[in-house]
Amino acid sequence: MPDFGFSIKKSRGEDLDQVSLDKYRQLLEREPSFKRCFQCGTCSATCSARQFTDFSIRHIHTAFRRGDYETLEDELKKCMLCGKCTLACPRGVNLRPLIISMRQLLDETPVEVKRRRRQR
Amino acid sequence: MNRYWNEYQKAIADDRFFYERSCIRQTFFPGSETAFLKIMKEELGKDVFDDFRQHTCTGIGYHADVVPMETTMTVVARLFSLMTEHGYENYVPSCVTSFGVFTEMIHMWQEHPELLEKTRENLYKATGREFEIPKNLVHPSDLVYKFRFDLAARMKYRLVNRFTGRPLRVVEHIGCHYAKIFPDKGVGKAEFPYVLAGMIEAWGGEVVDYPERRHCCGFGFRQYLVQENRGYSISNTKKKLESMEPYEPDFIVTNCPGCTLFLDRWQYTIAEMEHKTYDREGYGIPVLTYEEMTGLLLGYNPWELGLQIHQVQCERLLDKIGIPYDPKQKYNAADGRILRAPEKPDNLLV
C-alpha cells in the first residue's frame, strides 16, 4: 500500500441500538449520585493518577454512559482510590464508591463475554 | 402543500448570465464547464458570457484563513466589475464555494454598507474599476434545474437501466456551501435541497434517500489542506459511502467540485488502505457532476465530457443507460494524439 501520510479514523459515534446499557442502569441504581454528574471534568483535573498517565475519570464516565465497556476494566485498575475527586466534585457525586461499583459491575461480566471482547 | 413548498423556491433569472469558471473544476472535471456552456447556449439558446479575464474568488485561501476578508471582498468586487462592464446583471459562478463566498460578501455589504463603500474605494484605487452587485446570483445547477423539463425534451437517453427497465438509483449530494451557509439561497433551502433531486426525477431516475444523505462529503478545507489532517476528510467520505452502500446506487451526482472529487478519489484510497469497495463487483460507485449527467443524457461524447479523468470508471454506467462509446478513443487527446493510459490501481477494478 502506498504511504498516504494519513489514516482512516474510526468513527467515535455510538449506535445505541447496538450497545447494552444494562450495566449503566445497574450503576445508577447502586450509586444514584452519578445522575448529578454534568461532565465538568473537575474529577480528572484533580486526579493524582491523571498527572502522570492518560487515565481520565471523565472519559470513563462517558464510556460507561455510552455502554462502551471494552477497555474500562483495565482503565479502572489505574485508579488508586485516593478519593481526591470525591472531595473536589462540585455536584457531590460519590466518585470513590462509584469507581468501586463500576469495578464490581464489570467484574460480574461473564468470563466468556470478556474473552470475546478482548479478541475483537 | 404547494403554498409551503413555494417558500422553498428561489428566484432564478431566465436569460443573460455572466459565467465565472472554477479554479479547480477545469483540472478535475475538464469537460464539465464546457458542457454547461454548450447546454445553455446550444440546447437552450441562452446568452451566457464567459470572460477570459476572470480569476479566483479566493475561496480556498479565504476558508483556509490565509486571505483576509477585505482582500476577498475586493477580489469579488473585481469579478463583479467584469460583469458590470459587459452589461450583465445575473452572475453564475461555476463553483459551489464561489457561490457561498459571493453570497456571504453580498450579505456583508447589505448588513454593513460601510464595508461596501470601503470595497468600492479599494477596488477603484487598485484597478480604477467600478462594479454593481448582481441582481440575481445563482449556481449553474439552479439553471439546469430550472430548465430541466426543456432539456428532458431534447434528451436522447433517460436515467433508466435498459437491461431491467427500472429507474437508475441515484445518490444526489449537494455541496455544503450551496445552501447550508445561507439556507434561503438554495432550491429547497437547507432542509429539502431539491436542485439535483429535481433533475434526477425529471429525467427518469430514482433518488436514494439514505441515512447520511446530508453529511459532509469530507472536502472541508481544513480537513484536507494539511496532509496529516486528511484522515478526517477520508473518514467523512467513508461514513457516507458506508451509509449509501446497502442501497446499491448506480451512481452519485453532485453540484460541488470538492464533493465530486473526494467522493470519487477517496474510493481509490479506501480500496488501497482497507481493500474495500462500495459496489458488489469491486469497481466502485461512479461519481458524476450534474453537467456530465446532463451531457450524457443529451448524447454528448463521454470522452469529450472528460469521464476518463474520473477515478471510478463509468463504462458500466454507460452500458446500463445504453450510451455508445469507443474504448479506443478513451485516451485520445483533442488533437487526435494518443495519450498514455494511466496505471491501474491494485484494489479498485477499472
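This report covers a buried histidine, a covered helix and several salt bridges in a predicted model.

## His61 in chain A

His61(A) sits in helix H4 of chain A, which spans residues 57-65. Its relative accessibility is 2%, so His61(A) counts as buried, the cut-off being under 20%.

What does His61(A) touch beyond its neighbours within four places in sequence? The contacts are Phe34(A), Cys37(A), Gln39(A), Leu95(A), Leu98(A) and Met102(A). Take Phe34(A): 27 residues separate it from His61(A) along the chain, and the two C-alpha atoms are 9.0 Å apart.

## Helix H15 in chain B

Helix H15 of chain B runs over residues 290-298 and is mostly covered. Nine of its nine residues are buried. The list opens with Tyr290(B), Glu291(B), Glu292(B) and Met293(B). It goes on with Thr294(B), Gly295(B), Leu296(B), Leu297(B) and Leu298(B).

Just after H15(B) comes Gly299(B). Gly299(B) takes a positive phi of about 100°.

## Salt bridges: the overall count and Glu43–Arg154

Side chains of opposite charge can pair when their charged atoms come close. Over all chains, the count comes to 32 salt bridges.

One of them joins Glu43(B) and Arg154(B), with 2.7 Å between the closest N and O atoms. Glu43(B) lies in helix H3 (residues 32-43) and Arg154(B) in helix H9 (residues 148-154), both of chain B, so the pair ties together parts 111 residues apart in sequence. Are the two partners buried or exposed? Glu43(B) counts as buried, at 17% relative accessibility. Arg154(B) is partly exposed, with a relative accessible area of 44%.

## Arg53–Glu85 and its network

Arg53(B) and Glu85(B) also meet through their side chains in a salt bridge, at 2.9 Å from N to O. This pair links distant parts of the chain, 32 residues apart. Arg53(B) is in the loop between strand E2 (48-50) and helix H4 (59-63) of chain B. Glu85(B) is in helix H5 of chain B, residues 69-85.

Both partners have some accessible area. Arg53(B) is partly exposed at 27% relative accessibility. Glu85(B) is partly exposed at 44%. Which residues share a network with this pair? Salt bridges with shared partners join Asp51(B), Arg53(B), Glu85(B) and Arg129(B) into one network.

## Asp264–Arg265

Asp264(B) and Arg265(B) form a salt bridge, their closest N and O atoms being 2.7 Å apart. Asp264(B) has 0% relative accessibility and counts as buried.

Definitions and conventions:
Residues numbered from 1 in each chain as written. Chains lettered and ligands numbered in written order. Predicted model: local features only at pLDDT ≥ 70, side-chain atom pairs only at ≥ 80, totals over all residues. Heavy atoms only, no water. Helix = DSSP H or I, 4+ residues; strand = E, 2+ residues; numbered from the N terminus. Buried < 20%, exposed > 50% of the residue type's maximum accessible area, 1.4 Å probe, protein only. Contact = heavy atoms within 4.5 Å. Salt bridge = Lys/Arg side-chain N within 4 Å of Asp/Glu carboxyl O.
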